[in-house]
Amino acid sequence: MSSTKSTLITAVMPEDGKQVVSLLANEGLPTADLPEGLPHFLVATDGPAVTGAVGLEAYGNDGLLRSLAVSPAYRSLGIAARLLEALEAEARQNGVTSL
C-alpha cells in the first residue's frame, strides 16, 4: 500500500471499468445498473490499481452521490474525502447545485 501522495484522483478510464465494478461488488454495492463506460465516475489509483471510486448521477441541478467505496487496504488515508471533494467540484462544474 502506498501513501495518499502517490494516489491519483482522475476520471475513470475505460481500462478501469472492471476494477471499479469489482471494488463496488466486493463492498456490497449494486453494479447491475451501472451505466456503460461509467460516465461521471472518478477513481483513486495507486499505479495501475483502482483503490477507490465514486460516481455522480445528475438530474438537472440535483445530483446523487453514487457508490463511494475505498479498498480496505487503503482506508483511513483520506482517499474517500479526496474522492468526495473531487466529485463535488465536478458536480459544480456541471451545474449541480444540490448534492
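User: Which strands do the buried residues of α2 pack against?

Analyst: In this predicted model, the buried residues of helix α2 are Ile79, Leu83, Leu87, Glu90 and Ala91. These residues cover an arc of only 105° around the axis, which puts them on the same side of α2. The strands that the buried residues of α2 pack against are β1 (7-11), β2 (41-46), β3 (49-59) and β4.

User: Which residues are exposed on the other side of α2?

Analyst: Helix α2 covers residues 79-93, and its end C-alpha atoms are 21 Å apart, which agrees with the 21 Å that its 15 residues should span. On the side of this helix away from the buried residues, the exposed ones are Ala81, Glu85, Arg92 and Gln93.

User: Is Ala53 buried or exposed, and what is its relative accessible area?

Analyst: Ala53 is found in strand β3, and, leaving aside neighbours within four places in sequence, Ala53 is in contact with residues including Leu83 and Ser67. A residue counts as buried when its relative accessible area is under 20%. Ala53 is therefore buried, with a relative accessible area of 0%.

User: How far apart are the C-alpha atoms of Ala53 and Ser67?

Analyst: Ser67 lies in strand β4, which runs over residues 62-70, and at 11% relative accessibility Ser67 counts as buried. Among the residues that Ser67 touches, not counting those up to four places away in sequence, are Ala53, Phe41 and Leu24. Although Ala53 and Ser67 are 14 residues apart along the chain, their C-alpha atoms are separated by 7.1 Å.

User: Which residues do salt bridges that share partners join into one network?

Analyst: The side chains of Asp33 and Arg66 meet in a salt bridge, at 2.6 Å from N to O, and this pair links the loop between α1 and β2, where Asp33 is, to strand β4, where Arg66 is. Arg66 also forms a salt bridge with Glu57, the closest N and O atoms being 2.8 Å apart. Salt bridges that share partners thus join into one network the residues Asp33, Glu57 and Arg66.

User: How many residues apart are Glu27 and Arg75, which form a salt bridge?

Analyst: Glu27 and Arg75 form a salt bridge whose closest N and O atoms are 2.5 Å apart. Glu27 counts as partly exposed at 30% relative accessibility, and Arg75 counts as partly exposed at 39%. The salt bridge between Glu27 and Arg75 links distant parts of the chain, the loop between α1 (17-26) and β2 for Glu27 and the loop between β4 and α2 for Arg75, and the two are 48 residues apart.

How values were computed:
Residues numbered from 1 in each chain as written. Predicted model: local features only at pLDDT ≥ 70, side-chain atom pairs only at ≥ 80, totals over all residues. Heavy atoms only, no water. Helix = DSSP H or I, 4+ residues; strand = E, 2+ residues; numbered from the N terminus. Buried < 20%, exposed > 50% of the residue type's maximum accessible area, 1.4 Å probe, protein only. Contact = heavy atoms within 4.5 Å. Expected span 1.5 Å × (residues − 1). Arc of directions from axis to C-beta. Salt bridge = Lys/Arg side-chain N within 4 Å of Asp/Glu carboxyl O.
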